[in-house]
Amino acid sequence: MEAQKDKNWLSGNPKWWGIDKKFPPDYIKGELSPPESWVSSTPKIGNFGWIRQRYKPLVWSLLRPLAWSPFFLIITIVPLIYAGQTPNDRLFSSIFFTIAWSLIFLPLLISRNNQPMSQNNFFTLPIDWSFFSLGFIFFISHILIDQRIGWISYLFFWISYIRTVQNVQSIILVPPARFLLPIISKDWTGNLESHWKVESVSWSKKILARADCIDGEVVISGISRKGIDFLSVAYIHKSGFVQDPFHDNHEKNRKLDEILSQPPPIVGIEWPIDFIHNFEEE
């Protein structure tokens, strides 16, 4: 079982895409190879070079709860419209409202925290914070000033929900993945081009360098598995979610293209057979 898990460590679990084969293909729709300046490979070929590691797709972990959220947002106002039909109308309304937004906040937090290399700043979540904040302000006002203001608050929360779903959909367009290179740790010296901000000249299991670009940043980190050290390159969206740095669904971004035009200047070692697919196993 553990050996099979290592074989799928790079290509991902076939069940994520409903694939009957033992291993997913080397390329799924939209995935691009790095530029020719990169020495790259695939889980089937192995040998030397950078290989894409896929993360679990976000679709089902996010879209299902987001689809249920409006149901509870709708019934939030039912106890207030039909007053006196529950033991405590305000309490039940508050419970439904809390459930509605918990189905948004919690799946986003959990999904992001499950991604290696993701960033955990709460306020970078793809929530439409502007209308959410307005909704909260008007909600307080309806308590202190006039209850009729609550309908304005309710409208702003709906706008925030719709815009949040749009933000999440745009993130899902680029699936989560990163590129890995097995290395001898002492070969990392932090010798990079000027657009990189080097955070450590010695290899360690943390962020080693980062480069800012529009709507996010490219990050180089150190990781280890089964006693092997790796360099990892990933694009971190401004929401904190990891996205495949080489994918067709990225918006045109000259800065990102410039950063990714050259890999970190390190050769790496041959890929251990534990992580590579054998054709006999297909």
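Which residue stands opposite arginine 178 in S2? In this predicted model, the residue opposite arginine 178 is glutamine 53, and the pairing belongs to a contact in which strand S1 (residues 51–54) and S2 run antiparallel and are joined by 4 bridges.

**Strand S2 and its neighbours**

Strand S2, which spans residues 177–183, is mostly covered, with 7 of its 7 residues buried. In a regular strand the side chains alternate between the two faces of the sheet. Both faces of S2 are covered, since Ala177, Phe179, Leu181 and Ile183 are buried on one side, while Arg178, Leu180 and Pro182 are buried on the other. Besides its pairing with S1, S2 is joined by 5 bridges to strand S6 (residues 228–237), again in an antiparallel arrangement, and here isoleucine 183 stands opposite aspartate 229 in S6.

Serine 221 lies in strand S5 (residues 216–225) and, because its relative accessibility is 5%, counts as buried. Leaving aside residues up to four places away in sequence, serine 221 touches Met117, Lys206, Ile207, Leu208, Phe230, Leu231 and Ser232.

**Salt bridges**

Side chains of opposite charge can pair when their charged atoms come close. The count comes to 8 salt bridges in this model, among them the three listed here.

| Acidic residue | Basic residue | N to O distance |
|---|---|---|
| glutamate 31 | arginine 54 | 2.7 Å |
| aspartate 128 | arginine 163 | 2.8 Å |
| aspartate 215 | lysine 238 | 3.4 Å |

The salt bridge between glutamate 31 and arginine 54 links distant parts of the chain, 23 residues apart, with glutamate 31 in the loop between helix H1 (2–11) and S1 and arginine 54 in strand S1. Glutamate 31 is buried at 12% relative accessibility, and arginine 54 is likewise buried, at 6%.

In the salt bridge between arginine 163 and aspartate 128, the partners are 35 residues apart, arginine 163 being in helix H6 and aspartate 128 in the loop between helix H4 (89–113) and helix H5 (129–144). Arginine 163 is partly exposed, with a relative accessible area of 36%, whereas aspartate 128 is buried at 7%.

As for the salt bridge of aspartate 215 with lysine 238, aspartate 215 sits in the loop between strand S4 (207–213) and S5, and lysine 238 in the loop between S6 and strand S7 (242–243). Aspartate 215 is partly exposed at 35% relative accessibility, and lysine 238 is exposed at 52%. Salt bridges that share partners also join Glu31, Arg52, Arg54 and Asp244 into one network.

**A nonpolar surface patch**

On the surface, Val78, Ile81, Tyr82 and Trp151 form a nonpolar patch with about 440 Å² of accessible area together. Tryptophan 151 lies in helix H6 (residues 150–172) and is partly exposed, with a relative accessible area of 49%.

Technical notes:
Residues numbered from 1 in each chain as written. Predicted model: local features only at pLDDT ≥ 70, side-chain atom pairs only at ≥ 80, totals over all residues. Heavy atoms only, no water. Patch = residues over 30% accessible without salt bridge, like charges linked within 9 Å, V, L, I, M, F, W, Y side chains within 5 Å. Areas by Shrake-Rupley, 256 points an atom, 1.4 Å probe, with all protein chains shown as cover. Salt bridge = Lys/Arg side-chain N within 4 Å of Asp/Glu carboxyl O. Helix = DSSP H or I, 4+ residues; strand = E, 2+ residues; numbered from the N terminus. Buried < 20%, exposed > 50% of the residue type's maximum accessible area, 1.4 Å probe, protein only. Pairing = 2+ DSSP bridges. Contact = heavy atoms within 4.5 Å.
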